[in-house]
Amino acid sequence: MRDAWGDGWNGANWYWKTKDGGINLETGTLTSGQSDEVKLCGVHNVEWGECYKFVVGQGDYPQEIQWTLEYIANGVVLSAGGGMTTVDICIADSPTAPPTTTPKPTLVNPTLVPTLTLAPTPDFDHNVHTFEELLACIYIDDQTINIAASFEFPETITLANVRGLTVTSLDFVELTASHRETGADNDVGGFFFINVGSEVTFSRLKFSSSTSDYGGCMLVLQAEVNLVDVDFFKCGSDIYGGGIAVQEASVYAERVSFTACSASMGGGAIFLQDAVAELTQLSMYGNVEHDLSVQNSQYTCSNYCQAGEYAPCASATGVSVNDPCFVNCGDECSMCPAGKSTNGLGGSGSYEACESCLVGFSASAGASNCMGCLPGKFATDDSGAYGIVSDASQCADCPGGYYIANSNSVFCAGCVAGTSSSSDGASCENCVAGKSSSGAASECTECPAGREAPTDGEPTCTDCVAGRSSSGAASECTECPVGKSSSKAEAECSDCPAGREAPAEGLASCDTCDAGKSSTEGQPSCSGCPEGSVSEPGAAECA
């Protein structure tokens, strides 16, 4: 058992279980310190030819956990790994034969904390224990150096045109520096000055307590550097780049932490100038004068949180709150609340990483993007109120009689008289002939009897003139037929009474029959009296 930081496994335990995982045969932990070992032996723990399950928990710092299972007799490695892992191990009948292992990761959240896996048989060109040993072999291209012990740097190592170099540590050792004299001229890089034409990878190292004028622990100039699982602790600069300064160079950093680093003029953790950087899963704790300072550089970032999530922790000091480079994650990522989103990016390590939706845009909880409201819908919160100009949680339909013709709106407008809102609320449509509306109407109303709306889009229905009538929903009043008449706004024409006539269509009233003529009710015209009979004007019959 090993711990990269040297303070034990901080709450993580290992479990030696039966094959089905149902029974714990033995359990333990690394209580403190950097390393320890325990023997699994006896009929209750290990039997030849049997299969078992080995589980390692999470603890507070799973990235620091390292472990190896091996035979005591000959050192054959059964398996190796880090925190939050599970492996099935089948013990061979003979301890000289290597066992079979089937790794089965059981990460609580595989996007939240990566598993560090040690190679069972690492292949190094050099294993160094002192600064002098490192200095003797580091200027050679295409080699891997394992730093096997912690030691102090008495001076900065400058590398120029050294390519294919990897400096790592199987035991995640801590390196310190004490050579800095305050105010010394041309003091740059702290531990390493990666100069022109070099290409170097650093992994599984902790750089601690170094100060320089430029690039407190490391300076990269016109070169390429990869950083993987590296800690920068108490690195300081009098100018820029407390942890690392990158100038006219490129850097790839993954799972790198910066703690208590500082720079007088900016970039307490990282300073980029005319640089290209890819930054992934960085952590910042207590740095001074801005975690990240950027001058004329291009950089991309990602972290543990997925789009639509944020890390509920303190934001990175001095970094734009929506910058996804930095995450001081707790145990898990949380969804952005309704009305906010990460705009397709992972969170930045603070609540504010979830940006408020702009005017006319909305987002449900956990949304990766705020979406603009379509025509016919307005941005609002759960109350459905108008005028919500930010943090809208939904795009709601305009109510009946109202519409929005454009996208990204927060108000619906009332339909004008003679129109009504369409089914999708994106426009108002003219009332058809025979119907009308006064304004803000969800539907047009049929004209009542005795009234008409002769064209589309009429705001009101008009009365039928005398001599015409309508029964309702009429686009046009119809003329009264012969024998009938009507006054204004009548639903139907009336028969002329006896003694009266309406000889033509569309008459407003019936005429009185002349003397010598008569008519019955509804008769179109008066008839002359038969020979030998007479009648008074308006007579119903002759006598």
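## Loops, strands and a surface patch

D274 is partly exposed, with a relative accessible area of 36%. The model described here is a predicted one, and D274 makes a convenient entry point to it because the residue falls in the partly exposed class, between under 20% (buried) and over 50% (exposed). D274 sits in the loop that links β22 (270-273) to β23 (276-280), and its phi is near 50°, which is a positive value in a residue other than glycine.

A260 can be read alongside D274. A260 is not a glycine, yet its phi is positive, at about 55°, and its place in the chain is the loop between β20 (250-259) and β21 (262-263). With a relative accessible area of 32%, A260 is partly exposed.

The table sets out loop residues with their relative accessible areas.

| Residue | Loop | Relative accessible area |
|---|---|---|
| S169 | between β13 (163-168) and β14 (174-177) | 0%, buried |
| A260 | between β20 (250-259) and β21 (262-263) | 32%, partly exposed |
| D274 | between β22 (270-273) and β23 (276-280) | 36%, partly exposed |
| Y386 | between β33 (377-380) and β34 (394-397) | 36%, partly exposed |

Y386 leads to a feature of the surface. Together with Y402 and F411, Y386 forms a nonpolar patch there, and the accessible area of these residues together is about 300 Å². Y386 itself belongs to the loop between β33 (377-380) and β34 (394-397), and its relative accessible area of 36% places it in the partly exposed class.

What surrounds S169, and which residues is it in contact with? Leaving aside neighbours within four places in sequence, S169 is in contact with N146, I147, S203, R204 and L205. The residue is buried, with a relative accessible area of 0%, although its position is in a loop, the one between β13 (163-168) and β14 (174-177). Its side chain reaches the backbone oxygen of I147 at 3.0 Å, while a polar atom of the side chain of S169 also lies 3.1 Å from the backbone nitrogen of V173.

The strands on either side of that loop both pair with strand β16 (residues 199-212). β13 runs parallel to β16 and pairs with it over four bridges, and within these strands R163 stands opposite E199 of β16. β14 is likewise parallel to β16, to which it is joined by three bridges, and the bridge partner of L175 in β16 is F207.

Is β16 largely enclosed by the rest of the structure or largely open? Twelve of the 14 residues of β16 are buried, so the strand is largely enclosed by the rest of the structure. Strand β18 (residues 224-237) is also parallel to β16, and twelve bridges join these strands; here S210 stands opposite C235 of β18.

Another set of parallel pairings passes through strand β17 (residues 218-221). Strand β15 (residues 192-194) is joined to β17 by three bridges, with the strands running parallel, and I194 stands opposite V220 in β17. β17 also pairs in the parallel sense with strand β19 (residues 244-247), over four bridges, where the bridge partner of L219 in β19 is A245.

Definitions and conventions:
Residues are numbered from 1 along each chain as its sequence is written. This is a predicted model: local features need pLDDT of at least 70, side-chain atom pairs count only at pLDDT 80 or more; totals for chains, interfaces and linings use all residues. Side-chain values use heavy atoms; hydrogens and water are left out. Patches are made of residues with over 30% relative accessible area and no salt bridge: like charges are joined within 9 Å, nonpolar side chains (Val, Leu, Ile, Met, Phe, Trp, Tyr) within 5 Å. Accessible areas come from the Shrake-Rupley method with a 1.4 Å probe; for residues, only the protein chains shown count as cover. A salt bridge is a side-chain nitrogen of Lys or Arg within 4 Å of a carboxyl oxygen of Asp or Glu. Helices (H or I, at least four residues) and strands (E, at least two) are DSSP runs, numbered from the N terminus. Buried means under 20% relative accessible area, exposed over 50%, partly exposed in between (1.4 Å probe, protein chains only). A polar contact is a pair of N or O atoms within 3.5 Å; within protein, one must be able to donate a hydrogen and the other to accept it, and residues adjacent in sequence count only if both atoms are side-chain atoms. Contact means heavy atoms within 4.5 Å. Two strands pair if DSSP finds at least two bridges between them.
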